[in-house]
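Hi,

Here is the structure I promised to hand over. Have a look at it, and then read on for what turned up.

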Amino acid sequence: MNILTFETNEELNQVGANIIASLVQTNPYSVLGLATGSTPIGIYQELIRQYQNGLVSFKHVTSFNLDEYVGLPEGHQESYRTFMNNQLFNHIDIPMEQTHVPNGNAEDLHAECLSYDEMMSTSKQVDMQLLGLGHNGHIGFNEPDDTLNGGTHLVELKEQTREANARFFNSIDEVPTQAITMGVGTILKAKMIILVVRGKDKASIVKRALQGPITTDCPASLLQTHSNVVVLLDKEAAGELQ
Ligand code: F6R
């Protein structure tokens with residue numbers, strides 16, 4: 001695990017975007033695993049800037065997003081499909097049909113999970129999976145539990161997660177109670193993982209995830225078993241690391 005700590009958000013965004021851009025420059029047909037939430041926004045903005053400056057093209061890239069809320073109407077501002085379109089896809093040259101986000105409005109959600117896995121297994125292996133970190137140690141929406149799921153599945157969101165995400169909605173009552181998420185098994189299959197964490201409020205979970213015991217109680221701790229993880233931290237998030 002390669003842990004890098006940055007003085008400024010700009011530096012962190014630059015390095016995160018450079019790793020992704022250089023993957024795509026080296027292999028234009030890269031498969032990217034993408035995340036939503038506030039954490040990756042600065043990296044996406046830097047990727048857009050590099051695209052606009054002609055440094056990188058996403059024309060042949062395929063993407064798979066980690067997760068999606070269940071039950072938000074199509075086009076809802078806080079659906080992860082809308083987020084990805086607004087924050088990245090609408091500003092680069094990736095064809096929309098090469099982008100994938102689970103469908104949280106599928107009539108049969110279990111069938112949707114199976115077909116997402118099916119699509120991922122028929123595609124090439126994910127070259128890079130980008131991850132943020134939940135305050136409770138979740139990655140994707142894999143919440144702490146006695147056991148974790150390998151593949152894409154339906155989850156009940158923990159109250160703590162709904163509270164953390166309420167800042168994007170008018171009130172906590174509007175935050176969905178369920179989501180579809182890639183499983184930890186799928187995440188760990190990526191050739192490379194970039195975990196990005198910002199802020200003092202995540203310093204203690206960063207320590208647990210990176211230096212604590214490997215346990216399903218902190219799903220991100222399973223990243224310690226992967227051989228190619230780059231962790232990008234601002235100095236606040238790195239504050240409790242030894
Ligand atoms: C988002 C996701 C979540 C977030 C995590 C952190 O696709 O899978 O695991 O990465 O909840 O969220 P932010 O970045 O908003 O603090």
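Let's start inside: Phe-64 is buried, and Tyr-116 is buried as well. Keep in mind that this is a predicted model. The two rings make an aromatic pair of the edge-to-face kind, at 5.9 Å centre to centre and with 85° between the planes. They come from distant parts of the chain: Phe-64 sits in strand 3 (residues 62-65), while Tyr-116 belongs to helix 4 (residues 109-122), 52 residues apart.

There are 5 aromatic pairs in the structure. Another one joins Tyr-69 and Phe-169, with 5.8 Å between the ring centres and planes at 75°, so this pair is edge-to-face. What does it tie together? Tyr-69 is in strand 4 (residues 67-69) and Phe-169 is in the loop between helix 5 (159-165) and strand 8 (178-181), so the contact links parts that are 100 residues apart in sequence. Tyr-69 has a relative accessible area of 3% and is buried; since the cut-off for buried is under 20%, Phe-169 also counts as buried, at 9%. Both residues are part of one aromatic cluster, together with Tyr-80 and Phe-141.

Now the pockets. The largest pocket holds about 530 Å³ of space. How many residues line the largest pocket? Its lining has 30 residues, and Gly-37, Ser-38, His-138, Asn-165 and Lys-202 are the ones nearest its centre. If you want to trace the walls, look at strand 4, helix 3 (80-87) and helix 5, which each supply at least two lining residues. Helix 5 gives the most, with 4 residues. Sorted by class, the lining of the largest pocket has 13 polar, 11 nonpolar and 6 charged residues.

The second largest pocket has a volume of about 220 Å³. Its lining is made of 14 residues, and nearest the centre you will find Glu-68, Glu-74, Arg-81, Asn-103 and Asn-105. Strand 4 and helix 3 are the elements that give two or more residues to this lining. By class, the second largest pocket is lined by 6 polar, 5 nonpolar and 3 charged residues.

Next, the charged contacts. The structure holds 4 salt bridges, and here are some of them.

- Arg-49 and Glu-46 form a salt bridge with their closest N and O atoms 2.9 Å apart. Both are in helix 2 (residues 41-52), 3 residues apart, which is about one turn of the helix. Arg-49 counts as partly exposed at 37% relative accessibility, whereas Glu-46 is buried, with a relative accessible area of 11%.
- Asp-127 and Lys-191 meet through their side chains in a salt bridge of 3.0 Å, N to O. Asp-127 is in the loop between helix 4 and strand 6 (128-131), and Lys-191 is in the loop between helix 6 (184-188) and strand 9 (192-197), so this pair ties together parts 64 residues apart in sequence. Asp-127 counts as buried at 8% relative accessibility, but Lys-191 counts as partly exposed at 43%.
- Arg-162 and Glu-159 have side chains that meet in a salt bridge at 3.2 Å, N to O. Both lie in helix 5, again 3 residues apart and about one turn of the helix. Here Arg-162 counts as buried at 10% relative accessibility, while Glu-159 is partly exposed, with a relative accessible area of 44%.

Last, the sheet. In which order do the strands of the open sheet run? Its 7 strands follow the order 1-10-9-6-2-3-5, and the pairing is parallel. Strand 1 (2-6) and strand 5 (99-100) are the edge strands, each pairing on one side only. As a reminder, strands of a sheet pair through backbone hydrogen bonds, either parallel or antiparallel. If you want one pairing to look at in the viewer, take strand 6 and strand 9: they run parallel and are joined by 4 bridges. Leu-131 stands opposite Leu-195 in strand 9.

A good way in is to find strand 3, where Phe-64 sits, and then follow the sheet order from there to strand 2 on one side and strand 5 on the other.

Cheers

Key
Residues are numbered from 1 along each chain as its sequence is written. This is a predicted model: local features need pLDDT of at least 70, side-chain atom pairs count only at pLDDT 80 or more; totals for chains, interfaces and linings use all residues. Side-chain values use heavy atoms; hydrogens and water are left out. Rings of Phe, Tyr and Trp (its six-membered ring) pair if their centres lie within 6.5 Å; planes under 30 degrees apart count as stacked, over 60 as edge-to-face and the rest as tilted. Buried means under 20% relative accessible area, exposed over 50%, partly exposed in between (1.4 Å probe, protein chains only). On a 1 Å grid over the protein atoms alone, a cavity is a set of points where a 1.4 Å probe fits but cannot get out, and a pocket is an open set with protein on both sides within 12 Å along at least five of seven lines; lining residues have an atom within 4 Å of a point. Grid points are joined across faces, edges and corners, and a volume is the space filled by probe spheres set on the points. Ala, Val, Leu, Ile, Met, Phe, Trp, Tyr, Cys and Pro count as nonpolar, Asp, Glu, Lys and Arg as charged, and the others, Gly among them, as polar. Two strands pair if DSSP finds at least two bridges between them.
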